[in-house]
Amino acid sequence: MLIRRPRRNRRSEAIRELVKETYISIKKFIYPIFLLSQPSQKVEISSMPGIFRLGEELVLKEIEDCLQLGVSSFVIFPVVEEEKKDQLASFSYLEENFYLKTLRKIKEKFPESCIVTDVAMDPYSSDGHDGYLENGKIVNDKTLKILAKMALAQAQAGIDYLGPSDMMDGRVGYLREALDKAGYTEVGIISYTAKYASAFYGPFREALDSAPKQGDKKTYQMDPANSLEAELEAELDILEGADILMVKPALAYLDVIFRLKQKFTLPIAAYNVSGEYSMVKTASKAGFLDEKKAILEVITSIFRAGADIILTYHAKEIASFMRM
Ligand code: PBG
């Protein structure tokens, strides 16, 4: 006689819903958007089917559409023209920077939205690195000063969270202090706590034209082989004043998400990165996967691992699935 029959709890849709442990809520998504300098410009990203680089007018429209679908949080990345890039990423904090202007417009037009920025040098750096490069090395503390200028300019634009994606040591504390000294105590920091040196950022670097001109990012981004080190990064970020911790990428690092969720009390975000999006999209386009099921399974797995928040290029399409 079989006393334990787990299949009893799978008998019908109604029962399966009763025992379901993980739910997808579109309120938990942050939708990444790539911003161009020309207001009405729209350029496809060949490695990310369905995702475009958009000028300000189209970004405002996109955000309006998303808000109607229930997606209210966004992370905005600037696509900077090559001639505006330099070794010091100085365009990042200049008043004429289109990124800062658009951030301000978004918050003016949609104060109910939550806007996360990108704090790192790579979109503006002629070297394509997240930090300041000198004699072939990334100089940590000099980078912090540049990041703080960029961060203050973004805070001034009225945004909700800074998103330091650079992986310099001490940057969360440095930015927190800079914000507080300038009176921006309400601006939060969603820290890219455990950001790995990953192959899955490939399509994003195409989108931003931001691949490193030489070398790789292994002296600042983490080794995919390490997870204890993610705990160390999390401990430091908490001590330094982070409001939300992030693991990036998500899929190949579900164990890291789980680990941080078990051990720490801050909300955990996970970045379902460009390469993860491209894998699902291209395999679905080729007819190898059922696209909708694959997307929902991927996203469910990230929530199940313990993520409270997911940054994903699928956010808008999931919101429209949920309307159906
Ligand atoms: C760089 C940055 C990267 C991503 C977000 N910020 C790429 C990198 O570190 O080279 C990747 C996001 C994605 O792949 O979707 N500051």
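**Close-up views of the ligand site, pockets and backbone**

**View 1. S165 reaches a ligand nitrogen.** A nitrogen atom of the ligand lies 2.8 Å from an N or O atom in the side chain of S165. That pair is a polar contact, meaning N or O atoms within 3.5 Å; inside the protein, one atom must be able to donate a hydrogen and the other to accept it, and residues adjacent in sequence count only if both atoms are side-chain atoms. The model is predicted, so to speak "local" here asks for pLDDT of at least 70, side-chain atom pairs count only at pLDDT 80 or more, and totals for chains, interfaces and linings use all residues. Numbering starts from 1 along each chain as its sequence is written, and side-chain values use heavy atoms, with hydrogens and water left out. D130 also has a side-chain N or O atom 3.1 Å from a ligand nitrogen, while S274 offers one 2.7 Å from a ligand oxygen. Taken alone, the ligand exposes 410 Å², and the protein buries 100% of that (Shrake-Rupley areas with a 1.4 Å probe; for residues, only the protein chains shown count as cover).

**View 2. Who sits around the ligand?** There are 16 residues around the ligand, and R205, K217, K248, S274 and Y313 come nearest (near means a heavy atom within 4 Å). By class, this shell has seven nonpolar, three polar and six charged residues. Nonpolar here covers Ala, Val, Leu, Ile, Met, Phe, Trp, Tyr, Cys and Pro, charged covers Asp, Glu, Lys and Arg, and the others, Gly among them, are polar.

**View 3. The cavity that holds the ligand.** The ligand sits in the largest cavity, which takes more than half of its atoms to lie within 2 Å of the grid points. On a 1 Å grid over the protein atoms alone, a cavity is a set of points where a 1.4 Å probe fits but cannot get out; a pocket is an open set with protein on both sides within 12 Å along at least five of seven lines, and lining residues have an atom within 4 Å of a point. The whole structure has one cavity of 30 Å³ or more, and the largest cavity holds about 140 Å³ of space. Points are joined across faces, edges and corners, and a volume is the space filled by probe spheres set on them. Of 18 lining residues, D122, K195, Y201, F204 and K248 are closest to the cavity centre. β9 (188–195) and α6 (202–208) are the elements giving two or more residues to this lining; helices (H or I, at least four residues) and strands (E, at least two) are DSSP runs numbered from the N terminus. The lining splits into seven nonpolar, four polar and seven charged residues.

**View 4. The largest pocket, with α1 in its wall.** About 420 Å³ of space lies in this pocket. Its lining includes E13, R16 and E17, along with T300, R304 and M322. α1 (13–19) and α10 (291–305) each supply at least two residues, and α1 gives the most, with four. Six of the lining residues are charged, four nonpolar and two polar.

**View 5. The second largest pocket, with β1 in its wall.** Its volume is about 200 Å³. Among the lining residues are Y31, P32, F34, F52 and K316. β1 (29–35), β3 (52–54) and α2 (56–69) each bring at least two residues, with β1 giving the most, four. The tally is eight nonpolar, one polar and three charged.

**View 6. Two backbone spots to zoom in on.** The peptide bond from K248 to P249 is cis, with omega near -10°. P249 is in the loop between β10 (244–248) and α8 (254–263). A89, a residue other than glycine, has a positive phi near 55°, and it is in the loop between β4 (73–78) and α3 (98–109).
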